Amino acid sequence: MIPEWNYEKNDLDARKFCLGAIVSARKHNIDRNTYEFCQSFVESGKAREIIEQELPMEEAFALIQDEYQMLLDKRLNRKLY
């Protein structure tokens, strides 16, 4: 098996956690943008910061959902102007 940077267990777990947060909101379509957000959120280190805080899951998920919603709002504003 070829080692890939994006298949490290910590990264996979963090992306899974991030995706789980977005899915749990039940208000977003899961598409390529969602997966790209999760990847960039993990790469930025923000996902790991949230996970390491050991917050209650609802709080951690809310932080991720807020970040994702901000991204969606920025994209929508760019399209409008």
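Here is a short chat about the predicted model shown above.

Reader: Let's start with the big picture: how many helices and how many strands does the protein chain have?
Author: Going from the N terminus, the elements run α-α-α-α. That pattern fits the overall count for the protein chain, which is four helices and zero strands.

Reader: What share of the residues in the protein chain is buried?
Author: The cut-off here is a relative accessible area under 20%. The protein chain has 81 residues, and the buried share of them is 25%.

Reader: And the surface: what percentage of the exposed area do carbon and sulfur atoms supply?
Author: The protein chain exposes about 6200 Å² in total. Of that area, the part supplied by carbon and sulfur atoms is 53%.

Reader: Take contacts between residues at least 6 apart in sequence; what fraction joins residues at least 24 apart?
Author: A contact here means heavy atoms within 4.5 Å. Among the contacts in the protein chain between residues at least 6 apart, the fraction joining residues at least 24 apart is 60%.

Reader: Zooming in on helix 2, how far does it reach from its first C-alpha to its last?
Author: Helix 2 covers residues 32-43, so at 1.5 Å times one less than its 12 residues you'd look for a span close to 16 Å. The model agrees, with a reach from first to last C-alpha of 16 Å.

Reader: What does the side chain of Asp-31 do at the start of helix 2?
Author: One of the side-chain oxygens of Asp-31 points to a backbone nitrogen there. It comes to within 3.1 Å of that atom, and the nitrogen belongs to Asn-33.

Reader: Which residue with a positive phi follows helix 2?
Author: Helix 2 ends at residue 43. The residue that follows helix 2 with a positive phi, near 90°, is Gly-45.

Reader: Which residues of helix 2 are buried?
Author: One of them is Thr-34, with a relative accessible area of 0%. Two members of the helix 2 salt bridge don't make the list, because Glu-36 is partly exposed at 36% and Arg-32 is exposed at 65%. The buried set is Thr-34, Phe-37, Cys-38, Gln-39, Phe-41 and Val-42.

Reader: What does Thr-34 touch, leaving out residues up to four places away in sequence?
Author: Thr-34 sits in helix 2, and its C-alpha is 7.5 Å from that of Leu-19 although the two are 15 residues apart in sequence. Beyond its sequence neighbours, Thr-34 touches Leu-19, Ile-22, Asn-29 and Tyr-68.

Reader: Which side chain makes a polar contact of 2.9 Å with the side chain of Thr-34?
Author: The Thr-34 side chain also reaches a backbone oxygen, that of Asn-29, at 3.3 Å. The side-chain partner at 2.9 Å, though, is Tyr-68.

Reader: How many salt bridges does a search of the whole structure find?
Author: Side chains of opposite charge can pair when their charged atoms come close. Lys-16 and Asp-13 pair up at 3.9 Å, N to O, and Glu-36 does so with Arg-32. The search finds two.

Reader: How far apart are the closest N and O atoms of Glu-36 and Arg-32?
Author: Glu-36 and Arg-32 are four residues apart in helix 2, so about one helical turn separates them. Their closest N and O atoms are apart by 2.6 Å.

Reader: Is Asp-13 exposed, partly exposed or buried?
Author: Asp-13 lies in helix 1 with Lys-16, three residues apart, about one turn of the helix. Lys-16 is exposed at 58%. Asp-13 has a relative accessible area of 28%, which falls between the cut-offs of 20% and 50%, so it counts as partly exposed.

Reader: Which residues make the nonpolar surface patch of about 280 Å²?
Author: One member lies in helix 1, namely Val-23, and it is partly exposed with a relative accessible area of 43%. A patch residue needs over 30%, so Val-23 qualifies. The patch is made by Val-23, Ile-30 and Tyr-35.

Reader: Which residue in the loop between helix 3 and helix 4 should I look up?
Author: Arg-26, in the loop between helix 1 and helix 2, has a positive phi of about 55° without being a glycine, and at 79% it is exposed. The residue in the loop between helix 3 and helix 4 has a positive phi near 55° and is exposed at 70%. That residue is Glu-54.

How values were computed. Residues numbered from 1 in each chain as written. Predicted model: local features only at pLDDT ≥ 70, side-chain atom pairs only at ≥ 80, totals over all residues. Heavy atoms only, no water. Helix = DSSP H or I, 4+ residues; strand = E, 2+ residues; numbered from the N terminus. Buried < 20%, exposed > 50% of the residue type's maximum accessible area, 1.4 Å probe, protein only. Polar contact = N/O pair within 3.5 Å; in protein donor to acceptor, adjacent residues only side chain to side chain. Patch = residues over 30% accessible without salt bridge, like charges linked within 9 Å, V, L, I, M, F, W, Y side chains within 5 Å. Areas by Shrake-Rupley, 256 points an atom, 1.4 Å probe, with all protein chains shown as cover. Salt bridge = Lys/Arg side-chain N within 4 Å of Asp/Glu carboxyl O.
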